[in-house]
Amino acid sequence: MIVPKSVAVVLALFAGLAIILQNGVNTNLNQHGIPSPFATAGISYMVGFLAIGIISVLDRPPKCCRTSNTSDDEVARTSSLRAAPWYAFCGGLLGAVYVTAAILLAAKLGFATFQLAVTF
């Protein structure tokens with residue numbers, strides 16, 4: 001997917017805004033609906049997982065096996081995924097640490113202090 005640099009900057013700004021909003025939404029959910037920060041983080045990830053799953057299927061339906069119109073490039077990407085080191089799959093775990101920390105600490109530190117602390 002080729003994206004012009006100006007569009008990429010706007011999308012990055014939107015992603016930053018989404019992180020700010022996510023922090024407030026998750027803290028609010030924890031304070032008013034779900035008393036456990038771990039359950040709150042789990043629900044946040046479940047909703048995100050469903051959204052990404054739907055977008056992924058709409059973007060490119062999964063292929064169960066190689067068909068006559070499967071390109072060599074697609075096969076190469078699948079093969080390289082198996083060759084990835086174990087730590088290449090830790091992004092979700094690191095995200096869970098961040099979300100849980102945000103739920104636990106943003107209400108105590110204040111949102112601005114928390115964001116400043118995680119930025120540095």
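# Cavity, pocket and packing

Me: What makes up the lining of the largest cavity, in terms of nonpolar, polar and charged residues?
Reply: In this predicted model, the lining of the largest cavity divides into five nonpolar residues, three polar and no charged. Ile-19, Tyr-98, Val-99, Ala-102 and Ile-103 belong to that lining and count as nonpolar because Ile, Tyr, Val and Ala are in the nonpolar class. Gln-22, Asn-23 and Asn-26 are also lining residues, and they count as polar because Gln and Asn are in neither the nonpolar nor the charged class.

Me: Which helices supply at least two residues each to the lining of the largest cavity?
Reply: Helix 1 and helix 4 each do so. The volume of the largest cavity is about 40 Å³, and a search of the whole structure finds one cavity of 30 Å³ or more.

Me: Why is Asn-26 called buried?
Reply: Its relative accessible area is 6%. The cut-off for buried is under 20%, and therefore Asn-26, at 6%, qualifies. Asn-26 is placed in helix 1, where Asn-23, Thr-27 and Asn-30 are likewise buried.

Me: What does Asn-26 touch, not counting residues up to four places away in sequence?
Reply: Asn-26 touches Thr-40, Ser-44, Val-99 and Ile-103. The buried residues of helix 1 as a group pack against helix 2, helix 4 and helix 5.

Me: Why does Ser-44 count as buried?
Reply: The relative accessibility of Ser-44 is 16%. Buried requires a value under 20%, so Ser-44 at 16% meets the condition. Ser-44 lies in helix 2, residues 37–59, whose buried residues also include Pro-37, Thr-40 and Ala-41. The buried residues of helix 2 pack against helix 1 and helix 4. Contacts of Ser-44, not counting residues up to four places away in sequence, are with Gln-22, Asn-26 and Val-99.

Me: Which helix gives the most to the lining of the second largest pocket?
Reply: Helix 2 does, with seven residues. Helix 1 and helix 2 each supply at least two residues of that lining. Among the lining residues are Gln-22, Asn-26, Ser-44 and Tyr-45. The volume of this pocket is about 250 Å³.

Me: How do you know how the lining of the second largest pocket divides by residue class?
Reply: Tyr-45, Val-47, Phe-49 and Ile-52 are in the lining, as are Gln-22, Asn-26, Ser-44, Gly-48 and Gly-53. Tyr, Val, Phe and Ile count as nonpolar, whereas Gly is placed among the polar residues. The division is accordingly four nonpolar, five polar and no charged.

Me: How do the spans of helix 1 and helix 2 compare with the values expected at 1.5 Å a residue?
Reply: Helix 1, with 28 residues, reaches 40 Å from its first C-alpha to its last, close to the expected 40 Å. Helix 2, with 23 residues, reaches 32 Å, close to the expected 33 Å.

Me: Where in the chain is confidence lowest, and where is it highest?
Reply: The lowest mean pLDDT, 63, is in helix 3 (residues 72–83), and the highest, 91, is in helix 2. The chain averages 83, and 82% of the residues score at least 70. Where pLDDT is low, predicted coordinates should not be read in detail.

Key
Residues are numbered from 1 along each chain as its sequence is written. This is a predicted model: local features need pLDDT of at least 70, side-chain atom pairs count only at pLDDT 80 or more; totals for chains, interfaces and linings use all residues. Side-chain values use heavy atoms; hydrogens and water are left out. Helices (H or I, at least four residues) and strands (E, at least two) are DSSP runs, numbered from the N terminus. Buried means under 20% relative accessible area, exposed over 50%, partly exposed in between (1.4 Å probe, protein chains only). Contact means heavy atoms within 4.5 Å. pLDDT is the predictor's confidence in each residue, from 0 to 100. The expected span of a helix is 1.5 Å times one less than its number of residues. On a 1 Å grid over the protein atoms alone, a cavity is a set of points where a 1.4 Å probe fits but cannot get out, and a pocket is an open set with protein on both sides within 12 Å along at least five of seven lines; lining residues have an atom within 4 Å of a point. Grid points are joined across faces, edges and corners, and a volume is the space filled by probe spheres set on the points.
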